[in-house]
Amino acid sequence: MTKHLRAAVAAMLVISTVSMQAQTGTPARTTKKVVKKKAETPLERTLRELREQMQAQQAQIDSLKQQLADKDAKLTTTSQDAQAANASAAAAATQAQNALTAIQANHDQMDTLSSSVNDLKIANVGLAQTLSDTKREFNSAIESPTTLHYKGITITPVAFFAFETVWRSRAMNSDVNTPFNATPYMGAAQSRVSELNFSGRQSRVGGLFEGNTGPFKLSGYVEADFLSAGATSNENQSNSYTLRQRQIWGQAATKSGFAVTGGQMWSLVTETKKSTDNRTENLPMVIDAQYHVGFSWARQPSIRFQQKLGGFTAAASLEQAEYIYSASNSPANFFIGNAGAGGGLYNLTANYSNNVAPDVIVKGTYDAKYGHFEVGGLARWFRDRYYPGVTSLSGGIPVGSTVGALNDTKTGGGFFANIRVPATKYLDVGVHLLTGTGVGRYGTSTLPDITVHPDGTLAPIKADQGLISLEGHVTPKLDVWGYAGGEYAQRTTYLATSGPQVGKLVGYAPISASNAGCNTETLPTSTGNGLAGGAPYNPGTPSSATCLGATRAVIQGTLGFTYRVYSNPKFGRLQYQGQYSYLTREAWTGVGGAPKGTNNMVFTGMRYYIP
């Protein structure tokens, strides 16, 4: 803008201001008069134009101000809206977060629910399987029960059914049980012939009866076979052998490990597999029903007490006593018992001792993972009534007086031990020993317990029994086993210095006795007993006058196997067995030497055991 233009603008502004002030003042009353319009000068026109421009600009400025005010108002409104929107957005975000949290919670709940549903499905599947198994077990229990139930009693049947054979190179007229101490010497005619016998008599029937009262458990057990003979028993047609009592006992056992058992059972002398528990007897695996030489045992009425303390067990029993007597040159001034009384239901053809006390047996056992161990002792009492007033014999009948007659009691007893260890996974090794005086009847060969002094009082005989067992478990179906055992009875004699037997050796196996005829065969001479043994069932037997043959030792070695063809807990077990044994009976030396009898024996067996 030029200086002139600036001056013009300034003048115009001054004039405009004056004019505006004049316009705002109180107008003076004038008289209208007609004024003649002057022609504008260039300056006026310029000023007018400038004024118009300024007015236009002022209007624009005012418009812009108004617009700015409107914009400010709008901005304020927009800011408020934005703040409201932010608040709404924050609220929405909070709601969204809450919604997300709720959704996450719902999702977690859905996952939990889904997991619960899956677990429920699995549980339902398991429950269905359990129900199916339970139903199957229930049906099996109904259709194939392992025990029978009567009131609160469970009954478990026990049985096996056997077909067995025995061949002996020297006949003994015996079934599958071998009378080891009766093995014939070479002078017996039967030592020159063999025998072959079939048998089903070792078949067994029985049952276990159990009732659990809570504080204690009651048990009863019965077991029987057919290895006995009645007056009508024979081999001619019906083979009517009688049922035999093996075991019949009852037991009460507490949770603290104490038990009392009474009835007919295995003697406490017998080795067990666990503790001193009944029905765990560790018998040789042989077929022979008389078991094996060197094995100590008895089955007889007794009462047993036992207490378990961890792996240890202490036990004691009172058992039926009986004496086995043998003597040469014995006096006739004493007795130890009598033949059985029919009215007392004893066997009329068997002898029974008049016992003064039961046999007392104590035993301790220890069970460990490396084996089973037993030690024990037994005490026995032997009584007779003897007559010191006997001065001579007439035809074997004592002559003299009963004045001074006395009862005399002698004691006997011994020590025993059993050890059974798993030498390897496939082999068990067992060692058994019993030694003492008057313990012969506890050996399977039943060597004598007692003999007699020249004055008529009794004398217990020293005896030893031993057995070594090897039992191999080759496969789950096949066992092989071997046993070696022996039993010994000591020579027990006394020189008579007075009385009817003066100058003679009295007792068991006197060295002065004759064995000269033990190896010389004799003609059939037996006349029988009125029921059996008459011709032609009368093989020759050396007389005691020429063949005393008092047994010094019986020795046996055995090899055998057991093969389980089939075994199933539902249907039972079928097994085959084979056994070979070599038996030796050695006599004490007498006049003419020491005779010896031997026997080869082969057993076979097939058994079916019920489950």
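These legends go with a set of close-up views of one predicted model.

**View 1. The whole protein, before zooming in, has 2 helices and 27 strands.**
Start here to get your bearings. The chain runs to 611 residues, and 35% of them count as buried. Its accessible surface adds up to about 34,100 Å², with 61% of that belonging to carbon and sulfur atoms. If you take the contacts with a separation of 6 or more, 65% of them are between residues 24 or more positions apart.

**View 2. The second largest pocket takes up about 1,300 Å³.**
Here we're looking at an open space with 48 lining residues. Arg204, Lys273, Glu281, Arg573 and Tyr609 are the ones nearest the pocket centre, so to speak the place to park your cursor. Sorted by class, the lining of this pocket splits into 18 nonpolar, 15 polar and 15 charged residues. Which strand gives the largest share of that lining? That would be strand E2 (residues 153-168), which puts in 5 residues.

**View 3. The largest cavity holds about 60 Å³ of space.**
Now for the enclosed spaces: there are 2 cavities of 30 Å³ or more, and this view shows the largest one. Its lining is made of 14 residues, with Glu271, Asn282, Arg420, Leu467 and Ser469 nearest the centre. Three strands are worth picking out, since E17 (406-424), E18 (427-437) and E21 (462-473) each supply at least two residues of this lining. The class tally for the largest cavity is 7 nonpolar, 4 polar and 3 charged residues.

**View 4. The second largest cavity comes in at about 40 Å³.**
How many charged residues line this one? There are none: the lining divides into 6 nonpolar and 4 polar residues. On the nonpolar side, the lining includes Leu548 and Trp588, along with Ala509, Pro510, Ala513 and Ala550. The polar lining residues are Asn515, Gly549, Thr589 and Gly590.

**View 5. A disulfide joins Cys518 to Cys547.**
The structure holds 1 disulfide, and this close-up is centred on it. The S to S distance is 1.9 Å. Is the disulfide left-handed or right-handed? The torsion about the S-S bond of Cys518 and Cys547 is about 105 degrees, so it's right-handed. Cys518 and Cys547 both sit in the loop between strand E24 (505-508) and strand E25 (551-568), so the bond ties together parts that are 29 residues apart in sequence. Both partners are tucked away: Cys518 is buried at 0% relative accessibility, and Cys547 is buried at 10%.

**View 6. Phe180 sits in the loop between E2 and strand E3 (195-199).**
Is Phe180 buried or exposed? With a relative accessible area of 1%, Phe180 is buried, because the cut-off for that label is under 20%. Setting aside neighbours within four places in sequence, Phe180 has a good list of contacts: Asp288, Gln290, Tyr291, His292 and Val293, then Thr444 and Ser445, and also Val554, Gln556, Leu583 and Met601. Take Gln290 from that list: Phe180 and Gln290 are 110 residues apart in sequence, yet their C-alpha atoms are 8.5 Å apart in space.

Definitions and conventions
Residues numbered from 1 in each chain as written. Predicted model: local features only at pLDDT ≥ 70, side-chain atom pairs only at ≥ 80, totals over all residues. Heavy atoms only, no water. 1 Å grid on protein atoms, 1.4 Å probe; cavity = no way out; pocket = protein on both sides within 12 Å on 5 of 7 lines; lining within 4 Å. Points joined across faces, edges and corners; volume = space filled by probe spheres on them. Helix = DSSP H or I, 4+ residues; strand = E, 2+ residues; numbered from the N terminus. Buried < 20%, exposed > 50% of the residue type's maximum accessible area, 1.4 Å probe, protein only. Contact = heavy atoms within 4.5 Å. Areas by Shrake-Rupley, 256 points an atom, 1.4 Å probe, with all protein chains shown as cover. Disulfide = S-S within 2.5 Å.
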